[in-house]
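Trainee: Hi, have you got a few minutes to go through a model with me? I'd like to start with the charged pairs and then move around.

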Amino acid sequence: MAAKQSSETTAVEAPSLESAAPKHGFFVRLYTGTGAFEVVGKRKMWYLISGLIVAVCLASMLLRGFTFGIDFEGGTKVSMPATTQTGTVSVQQVEDVFSQTLGKSPESTVVVGSGGSATVQIRSEHLTNEETEQLRTALFDAFKPTGPDGQPSKQAISDSAVSETWGGQITQKALIALVVFIVLATIYITVRYERYMSLAAMATLVFDLVVTAGVYSIVGFEVTPAMVIGLLTILGFSLYDTVIVFDKVEENTHGFEHTTRRTFAEQANLAVNQTFMRSINTSVISVLPIIALMVVAVWLLGVGTLMDLALVQLVGVIVGTYSSIFFATPLLVTLRERTDQVRNHTRRVMNRRKGAETRAADTDTDTDIDTTEAAEADDGKDDAPQTVAAASVPSSTPPPDKPAPGARPVRPTTSRTGRPSGKRNTRRR
């Protein structure tokens, strides 16, 4: 009895399977792509976020507009070295000389580059030849910029004029190139995949265009021909990333109507999880040379064209990565769930799961009943010592189903002769 009590005292409850199961961290689940991140299931939230982003970008483009470069608006650009014989020139000093010479302020004055390669770029409305020559003379007299030989030279100050017609031609050609790109991409995706994927991919491209342009409007980045070229480049990147995800979706959903394990939305969400790391790695590998290009363009060479090209690519890669994961695939699932095939399959999967839950509930009920009966049996065993103790007390009246003490045992006999047969009757009465 004491041993039993000690065993009950030292007994430790076994841990549950749920608590014993390993709980993987965020990066492990991200790397393995096991479907732990619910993207498609929360598509309404992503639609709301994407809608807010588009609304802010459209409002900025309509209310604030864009900062067009000299190539689009036309005008005159004057450049000179930032390091002169009198020292390093500041933006305020250059603007003061410009205002005193021409009686008006320049549209923009920026210092591009750093160190000995830094230059001051002055952009203004269109100037006549006399005004341009007058401004160059005033800048030379005020700062004495040095030429390649290290001596003060007026030739170190350069100027260029761009007409508005040339900027309009660039805009027209950029729009033609954009339309051709979208048409060819639509045809390819429709032939390679399906029309729903084509619609989702084209909507994603429009999303990338609007958001990238909106970022330029909000921040005030200058719109230049290099920016237009970079915009076409990042559209290709966005489409590439979207096609990668769609390819995995097509692989996972091939023949989905013949199985009832997962719905179409769940298969698509698994595909997004399986391509998470690939999309992130592709984006990081794309961003690294872009950042390097920006560093070289700004701090080493001072080339504004490279800066414009790298800036639009950086914005486009970030926007394209977001749209391919959180916009393209959820939109594809929404379009496919409008078809009878996907709706019927989803209904079958849900009915199967309800049936499985019902059977599991019945099994749990049976298990509870068996547990109750086992507990009652254990209670009967606990009462057994009391019964034995009571039976050990001498009684004057023996139980009727047992022989009296000291009585001669009765051997089994045959029913016909009444003689002992020597065999036990194994039949149940």
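**Salt bridges and surroundings**

Mentor: Glad to. Glu 337 and Arg 43 form a salt bridge, and their closest N and O atoms are 2.7 Å apart. This pair links distant parts of the chain, 294 residues apart: Glu 337 is in the loop between α13 (304–336) and α14 (340–392), while Arg 43 is in helix α4 (residues 43–63). Keep in mind that this is a predicted model.

Trainee: Is Glu 337 buried, exposed or partly exposed? And what about Arg 43?

Mentor: Glu 337 has 26% relative accessibility, so it counts as partly exposed. Arg 43 counts as buried because its relative accessibility is 17%, and the cut-off for buried is under 20%.

Trainee: Which residue forms a salt bridge with Arg 336?

Mentor: Glu 194 does, with the closest N and O atoms 3.0 Å apart. Arg 336 sits in helix α13 and Glu 194 in the loop between α8 and α9 (195–219), so this pair ties together parts 142 residues apart in sequence. Arg 336 is buried at 9% relative accessibility, whereas Glu 194 is partly exposed at 22%.

Trainee: How far apart in helix α14 are Arg 343 and Asp 340?

Mentor: They are three residues apart, which means a separation of about one helical turn. They also form a salt bridge, with closest N and O atoms at 2.4 Å. Arg 343 has a relative accessible area of 37%, so it is partly exposed. Elsewhere, Glu 133, Arg 136, Lys 154 and Asp 159 are joined into one network by salt bridges that share partners.

Trainee: How many salt bridges does the count come to?

Mentor: Eleven.

Trainee: New topic: which residues does UniProt annotate as "transmembrane region"?

Mentor: The unreviewed UniProt entry gives that annotation to residues 45–63, 174–191, 198–219, 225–246, 284–304 and 310–333. In the model, residues 198–219 are 100% helix and 0% strand, with the end C-alpha atoms 32 Å apart. Residues 225–246 are also 100% helix and 0% strand, and their end C-alpha atoms lie 32 Å apart.

Trainee: Which residues make the nonpolar surface patch of about 380 Å²?

Mentor: Val 179, Val 183, Ile 187 and Val 191 make it. Val 191 lies in helix α8 (residues 164–192), and with a relative accessible area of 69% it is exposed.

Trainee: And why is helix α11 described as largely enclosed?

Mentor: Because nine of the eleven residues in α11 (residues 264–274) are buried, the rest of the structure largely encloses that helix. Among the buried ones are Phe 264, Gln 267, Asn 269 and Leu 270.

Trainee: What about the strands, say Ser 124: what does Ser 124 touch?

Mentor: Leaving out residues up to four places away in sequence, Ser 124 touches Gly 75, Thr 76, Phe 98, Pro 106 and Glu 107. Ser 124 belongs to strand β6 (residues 119–124) and is buried, with a relative accessible area of 5%.

Trainee: Last one: how many helices and strands are there in the protein, and what share of its residues is buried?

Mentor: There are 14 helices and eight strands, and 35% of the 429 residues are buried. The accessible surface is about 26,600 Å², with 59% of that belonging to carbon and sulfur atoms. Of the contacts between residues at least 6 apart in sequence, 75% join residues at least 24 apart.

Notes: Residues are numbered from 1 along each chain as its sequence is written. This is a predicted model: local features need pLDDT of at least 70, side-chain atom pairs count only at pLDDT 80 or more; totals for chains, interfaces and linings use all residues. Side-chain values use heavy atoms; hydrogens and water are left out. Helices (H or I, at least four residues) and strands (E, at least two) are DSSP runs, numbered from the N terminus. Buried means under 20% relative accessible area, exposed over 50%, partly exposed in between (1.4 Å probe, protein chains only). Contact means heavy atoms within 4.5 Å. Patches are made of residues with over 30% relative accessible area and no salt bridge: like charges are joined within 9 Å, nonpolar side chains (Val, Leu, Ile, Met, Phe, Trp, Tyr) within 5 Å. Accessible areas come from the Shrake-Rupley method with a 1.4 Å probe; for residues, only the protein chains shown count as cover. A salt bridge is a side-chain nitrogen of Lys or Arg within 4 Å of a carboxyl oxygen of Asp or Glu. UniProt positions are given in the numbering used here, feature names are shortened, and annotations may be inferred rather than shown by experiment.
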